[in-house]
Amino acid sequence: MFKNKRINKLAIDNIKINSLAQVAKNKSSNIAINISAPKIFHALFAFHYKFDIENPNWVSRDRFILCNSDANPTYYSILYLLGLINKNEIENINKPNCQYSNFLKRNDKLGIEISSYKHGYGIAEAVGIAIAQSYLSANFKEISHYTYVYVSNKDLESGVAIEALQYAGSINLRKFIVLHDSNSLLSSYNENNFFNNKKTYESYGFKYIKVNNNDYKSISKAISKAKKSNKPVFIEIKTSLGELSINNTENYDLKTSLLTFDQIDDFKEKTNFKKGDFFDTYLEVVDEYKKVFVKNNNIFKKWTPSDKLINFLNEELKENVNDNFLSNTSDIDSNLFTIISNIFDKYKNTFALSSFISTLIKVKNSNGVHEFNNRNGRSLLLGMKKTAMGLIANGLYNHSNMKPFVFNSLSYAEALIPSIKKAVSDNSKILYILNNDLNTLAQSNSSFQEEDQISLLSQIEKLKILYPADLNELTGAIEYFLNKSNSPVVIILNFISNWNCEQTSKHKFISGSYFLLKGNSECTLLAKGSDLQLAYKIAKKYDLNLISISNDENLEKLSYNKKLAITFTKDIKDGWMKYARYNLNINNSNNKFKSDFNYIEKAIKSIMNKKS
């Protein structure tokens, strides 16, 4: 397989011309990266990448993350040579009649986990995938694979990449290999040696390998060396644009620089690709890639999963929270983590992620924090790496039946927005539990108050947000996620609350909005979460109707006078004006219940007096 030097060079040039043809046809400006990437991709896919195209869901296959989606044309060219996409498809990428676009989502059939839509995000997701591999290989001897992530300078410049790589190094994340396409045209700054990659990534805990001679053999040898390392590995590959003589090299650093087919015709004269059709392939190259497929298929045929692994991969989270032993008290904090600990005890595919060790300690059955000497651990302590945390959770989910639970403060919700949006887009079933600690003394200096953070979350289309007010609604929220939802769910609650209401109902909560009180008045209050306690007190005092919208599904099915309805908050799924004429535009502050009650009582009385 690819033992002949000539055939390897021809393969690389075949990939390169096919890639540039896509760039020209799509009128994109991703020229430089699709000249430098083919050698790296060929070295990986021809000699190292373990992937059986007939069994794409093979849990022990290698994982590939394309952090810089600008290199998608090169990846499509690899798929084309492997026979996974046809000529008509590669010629029409991003066209209405083609199922493939400039942005690749996770696709097991195509052997790709992520084609990152923002610089650096794919690195964090790759870390999550590698952690899943680390855990699985510690528990199942038949699991052994590598996680490769292709990155450019622009990816490494991002803050989330720094967070993720520092974390990977701190836990000595083995079998995690970064392939850095180190080309000055792929950076937004002039590096001029002011940034020492070797010292930087070694300080993170990585083994650093530099490839100055960027031929396919040197790259392949570096990958072989990386696979033997007992550390995560950072391979810097000093790629060149040696064949590039189209106009001026500097032109290809510009966003407005486009490539023409005439320029490709000039370009190919310096390559081994001599065909007139830029989307054509050489049969001998295709045949060599078929041999790679046969080799990987034979590896798969010799691989046998244990019954234990099969059961693990097919296990679904289904739970009746009533089965859990809850404390006699009504406080949210102790009961929440009793529920979570029971889930983690029963289901070994669960992971807890948090910025705070005090939170992870409460998850009793996670086997401790995951690190190099405790690969069975299912708790990930991220500290201040909050943006990376959410994306690492996405990566965990993408591996194989992993179920991440993300715990954080509502005050840091903004940092989770990118990962939650990605989870919604990918339909990833991830649970985010956010402690509504805003407006408390500890967060009194926070510039992002409750309304701001909730507003950011509410703007994410198709995201399900639940606001349980007490223990009954909390159990309903957990069961909603476990048994009803097939996508990400955010639960916002006040951990220190101990309010308990006999009229709240787990089962009604799961179904959606429901009447908590039915009074003799035509006036109806709509409230959720912390506001529900305050609304309940007012509704009882004035004999008003009260609807819990802690889960605002099916609100339209409830019968009440909307002209005399008052909602406490604006963030109702379909817009509050559809369900209530009046809006108080307030969220209850955790430590100001009395003052809020007096203020809101006056406001509600004023509305009632107008209608009397």
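This note goes through a predicted model from its overall make-up to a few local features.

1. Overall content. The protein has 612 residues, and 61% of them count as buried. Its secondary structure comprises 21 helices and 17 strands. Of the contacts between residues at least 6 apart in sequence, 74% join residues at least 24 apart.

2. Surface. The exposed area of the protein is about 24900 Å², and carbon and sulfur atoms supply 47% of that area.

3. Strand 9. This strand spans residues 403-409, and 7 of its 7 residues are buried, so the strand is largely enclosed by the rest of the structure. In a regular strand, side chains alternate between the two faces of the sheet. For strand 9, one side carries Lys403, Phe405, Phe407 and Ser409, and the other carries Pro404, Val406 and Asn408. Both faces are covered, as the residues on either side are all buried. The buried set thus includes Lys403 and Asn408 as well as Phe405 and Val406.

4. Neighbours of strand 9. Strand 7 (residues 350-354) runs parallel to strand 9 and is joined to it by 5 bridges. In this pairing, Thr350 stands opposite Lys403. Strand 10 (residues 431-435) also pairs with strand 9 in the parallel sense, over 5 bridges. Here Phe407 of strand 9 stands opposite Ile433 of strand 10. The connection from strand 9 to strand 10 passes through helix 16 (residues 413-426), and this β-α-β crossover is right-handed.

5. Nonpolar surface patch. Which residues form a nonpolar patch on the surface? They are Ile357, Ile361 and Leu381, with about 250 Å² of accessible area together. Ile361 lies in helix 14, which covers residues 357-361. The relative accessible area of Ile361 is 51%; the cut-off for exposed is over 50%, so this residue counts as exposed. A reader checking the assignment should note both the value of 51% and the cut-off of over 50%.

6. Mixed sheet. A further point concerns strands 13 to 17. These 5 strands form an open sheet with mixed pairing, in the order 13-15-14-16-17. Strand 13 (514-517) and strand 17 (582-583) are the edge strands, each pairing on one side only. Within the sheet, strand 14 (residues 524-527) and strand 15 (residues 545-548) pair in the parallel sense over 4 bridges. Leu525 of strand 14 stands opposite Leu546 of strand 15.

Methods
Residues are numbered from 1 along each chain as its sequence is written. This is a predicted model: local features need pLDDT of at least 70, side-chain atom pairs count only at pLDDT 80 or more; totals for chains, interfaces and linings use all residues. Side-chain values use heavy atoms; hydrogens and water are left out. Buried means under 20% relative accessible area, exposed over 50%, partly exposed in between (1.4 Å probe, protein chains only). Helices (H or I, at least four residues) and strands (E, at least two) are DSSP runs, numbered from the N terminus. Two strands pair if DSSP finds at least two bridges between them. A crossover is right-handed if, with the strands pointing away from the viewer, the path from the first strand over the helix to the second runs clockwise. Contact means heavy atoms within 4.5 Å. Accessible areas come from the Shrake-Rupley method with a 1.4 Å probe; for residues, only the protein chains shown count as cover. Patches are made of residues with over 30% relative accessible area and no salt bridge: like charges are joined within 9 Å, nonpolar side chains (Val, Leu, Ile, Met, Phe, Trp, Tyr) within 5 Å. A salt bridge is a side-chain nitrogen of Lys or Arg within 4 Å of a carboxyl oxygen of Asp or Glu.
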